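Subject: structure for you

Hi,

Here is the structure I promised to pass on. Have a look at it first, and my notes follow underneath.

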Amino acid sequence: MINDLLAKKKTSLSFEVFPPKKDDDFPAVFNTLDALAKLNPDFISCTYGAGGSKSKKTVEVASYIQNQLKIDAIAHITCVGFKQTDLKENYEAFKKEGIQYVLALRGDRPQTMTDEQYYSREFEHASDMIRYLKDNTTLEIAGACYPEKHYEADTMENDLKHLKEKVDAGTSFLISQLFFDNDTFYRFLELTSKAGITVPICAGIMPVTTAKQLGTTVTLSGSSVPKELADIIANYGENPEDMRKAGIDYAVRQIRDLKEHGVDGIHIYTMNRPKMAAEIVTQI
């Protein structure tokens, strides 16, 4: 059980994967999972598209992790586009497959969702959905947190206030958004402690192995880029292999430092690249 693991105060190791967008590419995710399983993670989470567009695929992937690989699985769910009936349906699917953990997120607004649908949704915030899940299911619930504050929050103080509401609603532990400056994460841990947030917090790490990532995932996350990482991209961005090696080295140094500081967990956003994950795990 993940809760028991995190309670032992030993730094856990976990991965995130996602179902491919194209159905034809879907079988490849199981090969990815088989390779990741050999690295002995404590748990693996599986994401999906905005508004639950891949929710059935998420259940299938999470079931494979849980039942075939015998590794604790966390299935992502979002409240954007989800009604109570949808949650009940997903809960029954999770229960059938023996999936006990979910990562409850607000999620991004689907492009196809109208203003009327968006502003009349049943769960406005992740905390609303967490309360519903806590009252109506037996699921264990993880939540997301943002070391540099959520991009929509006006102040870190208000963001921490909302995070405390999410934890009080029934969140067992937290997984952070990606970050590249460990001092930022350590300051965040101090702030959460002062705010009365005592649940375990896993540090989210995404290795930047291509210059393109700065224009996509990293930009969308709202995470700042330290000068050292910016210099790496400037120096190696035009050379794919050198950039990959430098990005992995940066992530390894981040993780080693986090482990030395005794963080609750390391959660690697693998981008479905098991070879990259293996190189990192070997070095840490």
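Ile 175 sits across from Cys 202 in E7, and that is a good place to start reading this predicted model. Leu 174 also has a partner in that strand, standing opposite Ile 201. Both contacts belong to the pairing of E6 (residues 171–176) with E7, which is parallel and has two bridges. To get from E6 to E7, the chain passes through helix H8 (residues 182–194), and this β-α-β crossover is right-handed.

On its other side, so to speak, there is E8 (residues 265–269): E7 and E8 run parallel and are joined by four bridges. Ile 205 is the residue to click on here, as it stands opposite Ile 268 in E8.

What does E7 itself look like, covered or open? Strand E7 spans residues 201–205, and five of its five residues are buried, so it goes down as mostly covered. Side chains in a regular strand alternate between the two faces of the sheet. In E7, Ile 201, Ala 203 and Ile 205 point one way while Cys 202 and Gly 204 point the other way, and all of them are buried.

Now zoom out. These strands are part of a closed barrel of eight strands, in the order E1-E2-E3-E4-E5-E6-E7-E8, with parallel pairing. On average, neighbouring strands in this sheet are turned by 30° against each other, direction ignored.

Next, the cavity search. How many cavities of 30 Å³ or more turn up in the whole structure? The answer is one, and the space in the largest cavity comes to about 50 Å³. Its lining is made up of Tyr 146, Pro 147, Glu 148, Lys 149, Gln 177, Leu 178, Ser 221, Gly 222 and Ser 223. By type, that lining splits into three nonpolar, four polar and two charged residues. If you want to set up a selection for the cavity, the lining residues just named are the ones to use.

A few loop residues also caught my eye. Most residues other than glycine have a negative phi. Lys 70 is not a glycine, yet has a positive phi of about 60°. You will find Lys 70 in the loop between H3 and strand E3 (72–78). Is Lys 70 buried or exposed? With a relative accessible area of 67%, Lys 70 is over the 50% cut-off and therefore exposed.

Asn 272 does something along those lines: its phi is positive and near 60°, again in a residue other than glycine. Asn 272 belongs to the loop between E8 and helix H12 (274–283). The relative accessibility of Asn 272 is 16%, which is under the 20% limit, so Asn 272 counts as buried.

Last one: Thr 47, in the loop between strand E2 (43–46) and helix H3 (55–68). Thr 47 has 18% relative accessibility and counts as buried, because the cut-off for that is under 20%. Which residue would I check alongside Thr 47? Leu 103: the two are 56 residues apart along the chain, but their C-alpha atoms are separated by 8.8 Å.

That's what I have for now. Shout if anything is unclear.

Cheers

Terms used:
Residues are numbered from 1 along each chain as its sequence is written. This is a predicted model: local features need pLDDT of at least 70, side-chain atom pairs count only at pLDDT 80 or more; totals for chains, interfaces and linings use all residues. Side-chain values use heavy atoms; hydrogens and water are left out. On a 1 Å grid over the protein atoms alone, a cavity is a set of points where a 1.4 Å probe fits but cannot get out, and a pocket is an open set with protein on both sides within 12 Å along at least five of seven lines; lining residues have an atom within 4 Å of a point. Grid points are joined across faces, edges and corners, and a volume is the space filled by probe spheres set on the points. Ala, Val, Leu, Ile, Met, Phe, Trp, Tyr, Cys and Pro count as nonpolar, Asp, Glu, Lys and Arg as charged, and the others, Gly among them, as polar. Buried means under 20% relative accessible area, exposed over 50%, partly exposed in between (1.4 Å probe, protein chains only). Two strands pair if DSSP finds at least two bridges between them. A crossover is right-handed if, with the strands pointing away from the viewer, the path from the first strand over the helix to the second runs clockwise. Axes are lines fitted to C-alpha atoms, for helices over the stretch in contact, and angles run from 0 to 180 degrees between N-to-C directions.
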